[in-house]
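I am opening a notebook page on a structure that is new to me. My plan is to look up its pockets, then its cysteines, then its nonpolar cores.

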Amino acid sequence: MRCAVIGAGAWGTALADLLARNGHEVRLWAYEPDVVESVNKKHENARFLSGHSLSPSIVAVGDLGQAVAERELVALATPSHVLRPILRSVARGLPRAAPLVVASKGIEKGTLCLMTEVVEQEVEGATVVALSGPSFAAEVVSRQPTAVVVASDREDAAEIAQRAFSSPYFRTYTHTDVVGVELGGALKNVMAVATGIAEGLGLGFNARAALITRGLAEMTRLGAALGAEQSTFAGLAGLGDLVLTCTGSLSRNRGVGVEVGKGRKLEEVLKDRETVAEGVVTAQSARQLAARVGVEMPIVDTVNRVLFEGQPARSAIAALMTRELRAEVDR
């Protein structure tokens with residue numbers, strides 16, 4: 001297939017490499033001119049995925065219109081906060097029949113839209129597929145075994161994406177619960193910040209396990225309130241991605257939490273990082289979305305208080321542990 005990947009961060013680059021190694025013709029759009037040059041001349045994304053050789057057949061471009069022209073599948077892997085303006089600038093050039101595979105994870109600030117909703121609003125008649133699951137870019141580009149989910153309300157579109165991305169090391173399952181798959185991918189980043197904060201405080205594995213488990217309960221509650229299937233959160237896009245992001249050393253969101261837990265200010269931590277930690281932005285959006293639908297999310301609230309309201313991390317965790325006693329399962 002003729003494919004385009006929009007966004008040449010680590011994740012977009014890994015997906016472009018995967019598609020190219022699957023035999024597809026791939027154009028990779030990068031905002032940064034040095035990334036275009038690095039991918040085309042050195043077959044490496046030296047800025048965002050240094051040390052990993054890419055398929056020499058990938059063609060990196062800096063022109064959005066050129067990237068999407070005459071493509072049969074377009075993958076969107078931009079940071080969540082720039083997805084809408086990028087789509088707005090290229091919407092007329094997008095092939096109407098091409099599935100748009102949304103690999104960005106987040107909840108848009110202000111609108112509280114999921115990424116597939118952003119696409120549907122900006123691209124009239126779009127055929128949208130959400131791609132999510134436990135998948136560090138560095139391991140995908142190293143061809144380590146990985147399993148993800150592609151979700152769409154159009155079975156044929158999900159199957160096109162499934163065939164395009166599947167390989168002997170990248171297993172792709174289809175799903176129909178777009179909201180659940182998207183929420184799982186977005187909310188797990190907030191939970192990873194929380195577990196990172198606990199780790200930075202020097203708390204143990206018990207605390208991490210509790211945060212992961214109760215974090216999953218919060219994710220499921222919000223998902224159910226928004227019409228998602230509860231079972232989705234027990235799958236790859238829920239529990240699978242949550243465990244990976246909360247425990248893996250490659251997790252940017254966990255890493256931010258660790259530094260904050262050690263006492264550094266959020267602004268200082270983010271200033272040192274070129275890559276985006278989506279959990280920071282999503283924490284605020286998730287809190288607002290939960291309030292809108294009347295869902296209690298104490299871990300999300302705690303992350304917001306620590307990141308944005310100046311509450312010391314240790315007292316915030318203590319407050320979380322001393323909340324009113326309750327049953328584990330909602331009845």
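**Second pocket**

I looked up the lining of the second largest pocket by residue class and found twelve nonpolar residues, one polar residue and eight charged residues. I note here that I am reading a predicted model. The volume of the second largest pocket comes out at about 540 Å³, and its lining is made up of 21 residues, with Ala210, Arg214, Leu320, Met321 and Arg323 lying nearest the centre. I then asked which helices supply at least two residues of that lining, and I wrote down helix H9 (205–225), helix H14 (298–308) and helix H15 (313–321). H9 gives the most, with seven residues.

**Largest pocket**

I turned next to the largest pocket, which holds about 1,000 Å³ of space. I found 39 residues lining the largest pocket, and the closest to its centre are Gly9, Ala10, Trp11, Arg252 and Val276. The elements that give two or more residues to this lining are helix H1 (10–21), helix H6 (137–141), helix H8 (178–200), helix H10 (236–247) and helix H11 (252–261). Sorted by class, the lining of the largest pocket has 18 nonpolar, 13 polar and eight charged residues.

**Cysteines**

How many disulfides does the structure hold? I found zero disulfides. I also checked two cysteines for burial, where the cut-off is under 20% relative accessible area. Cys113 has 9% relative accessibility and therefore counts as buried, and Cys246 also counts as buried because its relative accessibility is 0%.

**Nonpolar cores**

Which residues have the most contacts inside the largest nonpolar core? In this core of 44 residues, I listed Ile107, Leu183, Leu187, Met191, Leu222, Val260 and Met297. The elements that give two or more residues to the core are H8, H9, H10, H11, helix H12 (266–271), helix H13 (278–293), H14 and H15, and of these H8 gives the most, with ten residues.

I followed Val260 a little further and, leaving out residues up to four places away in sequence, I found that Val260 touches Ile197, Leu266, Val269, Val306 and Leu307. I closed the page with a second, separate core of 40 residues, which includes Ala8, Ala60, Leu73 and Val150.

Technical notes. Residues numbered from 1 in each chain as written. Predicted model: local features only at pLDDT ≥ 70, side-chain atom pairs only at ≥ 80, totals over all residues. Heavy atoms only, no water. 1 Å grid on protein atoms, 1.4 Å probe; cavity = no way out; pocket = protein on both sides within 12 Å on 5 of 7 lines; lining within 4 Å. Points joined across faces, edges and corners; volume = space filled by probe spheres on them. Helix = DSSP H or I, 4+ residues; strand = E, 2+ residues; numbered from the N terminus. Nonpolar A, V, L, I, M, F, W, Y, C, P; charged D, E, K, R; others polar. Disulfide = S-S within 2.5 Å. Buried < 20%, exposed > 50% of the residue type's maximum accessible area, 1.4 Å probe, protein only. Core = buried A, V, L, I, M, F, W, Y, C linked by side-chain atoms within 4.5 Å. Contact = heavy atoms within 4.5 Å.
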